[in-house]
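User: Hi! Could you walk me through this one while I have it open on my screen?
Analyst: Happy to, ask away.

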Amino acid sequence: MYVYILGGFLGSGKTTLLMKLASMYTKRGLKTALLVNESGEIGVDGATLKAEGYDAIELPDGCICCSLSGTLQSALQNIVEDIDPDIIIIEPTGLALPHKVKELVTSSGIETDGTYIIGITDVERFQILVSKKEEFIKKQMEAADFVLINKLDLAQPGQIDEIRGWFGKEFPSKEVFAISAKTGDNMDTIYGMMK
């Protein structure tokens, strides 16, 4: 069983990516469970995913790397016992630190074949986020196994190169891919990398 954690700031496109990955795994015939951590009172993501027919567990009101850490570990154990999936995809809130979520997965007692973090940022808001929350963005991305620059379909000339340049400077060894989870641009490359 593989676990993927989608890490990125609010609005980066994590839920759209989650849906694409879940669909890809379903087509491969792999049983996939989704764990979504909503920070609002109404769990739109969880309801949407369940309506699409996915095994989706929702952890509302709180952050799974902080106040809901025990809840996350219990949910993971329940998922393994009840669903026995091949893949678990975790979508924390946009304010979570993915490496903390990975630590909780690792210490939860469930056996995995690997736990990976996919860092996600988006073309539209990258510069403003870096200008206002650069240290936080660095913390979110530092443990990512690879990074996706999402919303390629909305990129202006030069934007992707600018974002790649920032990642090249801050995290020179990280692989960075430009995609559009919405339109599917370059998603085949990502699908090919997934276990």
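User: In what order do the elements of the chain run from the N terminus on?
Analyst: This is a predicted model, and in it the elements run β-α-β-α-β-α-β-α-β-α-β-α-β-α. The chain has 7 helices and 7 strands.

User: What share of the 195 residues is buried?
Analyst: Buried residues make up 51% of the chain. As for the surface, the chain exposes about 9,000 Å², and carbon and sulfur atoms supply 48% of that area.

User: And the contacts, how many join residues at least 24 apart?
Analyst: Counting contacts between residues at least 6 apart in sequence, 76% join residues at least 24 apart.

User: Let's go to the C-terminal part. Do strand 6 and strand 7 run parallel or antiparallel?
Analyst: Strand 6 (residues 146–150) and strand 7 (residues 175–178) run parallel, joined by 4 bridges. Across that pair, Ile 149 stands opposite Ala 178.

User: Which helix goes with those two strands in a β-α-β unit, and what is its hand?
Analyst: Helix 6, residues 159–170, makes the unit together with strand 6 and strand 7, and the unit is right-handed.

User: What about Ser 180, where does that residue lie?
Analyst: Ser 180 is in the loop between strand 7 and helix 7 (187–193).

User: Is Ser 180 buried or exposed?
Analyst: Buried: the relative accessible area of Ser 180 is 0%, and the cut-off for buried is under 20%, so Ser 180 counts as buried.

User: Which residues is Ser 180 in contact with, leaving aside neighbours within four places in sequence?
Analyst: Ser 180 is in contact with Asn 150, Lys 151, Leu 152, Asp 153, Asp 185 and Met 187. Asn 150 is a residue of strand 6 (146–150), and Met 187 belongs to helix 7 (187–193).

User: Changing topic: how many cavities of 30 Å³ or more does the count come to?
Analyst: The count comes to 1 cavity, with a volume of about 40 Å³.

User: Which residues line the largest cavity?
Analyst: The lining is made by Gly 8, Phe 9, Ile 120, Thr 121, Phe 126, Leu 129, Val 130, Ile 137, Gln 140 and Met 141. The elements that give two or more residues to this lining are strand 5 (114–122) and helix 5 (126–141).

User: Which element gives the most to that lining?
Analyst: That would be helix 5, with 6 residues.

User: Great, thanks for the tour!
Analyst: You're welcome!

Key. Residues are numbered from 1 along each chain as its sequence is written. This is a predicted model: local features need pLDDT of at least 70, side-chain atom pairs count only at pLDDT 80 or more; totals for chains, interfaces and linings use all residues. Side-chain values use heavy atoms; hydrogens and water are left out. Buried means under 20% relative accessible area, exposed over 50%, partly exposed in between (1.4 Å probe, protein chains only). Contact means heavy atoms within 4.5 Å. Accessible areas come from the Shrake-Rupley method with a 1.4 Å probe; for residues, only the protein chains shown count as cover. Two strands pair if DSSP finds at least two bridges between them. A crossover is right-handed if, with the strands pointing away from the viewer, the path from the first strand over the helix to the second runs clockwise. On a 1 Å grid over the protein atoms alone, a cavity is a set of points where a 1.4 Å probe fits but cannot get out, and a pocket is an open set with protein on both sides within 12 Å along at least five of seven lines; lining residues have an atom within 4 Å of a point. Grid points are joined across faces, edges and corners, and a volume is the space filled by probe spheres set on the points.
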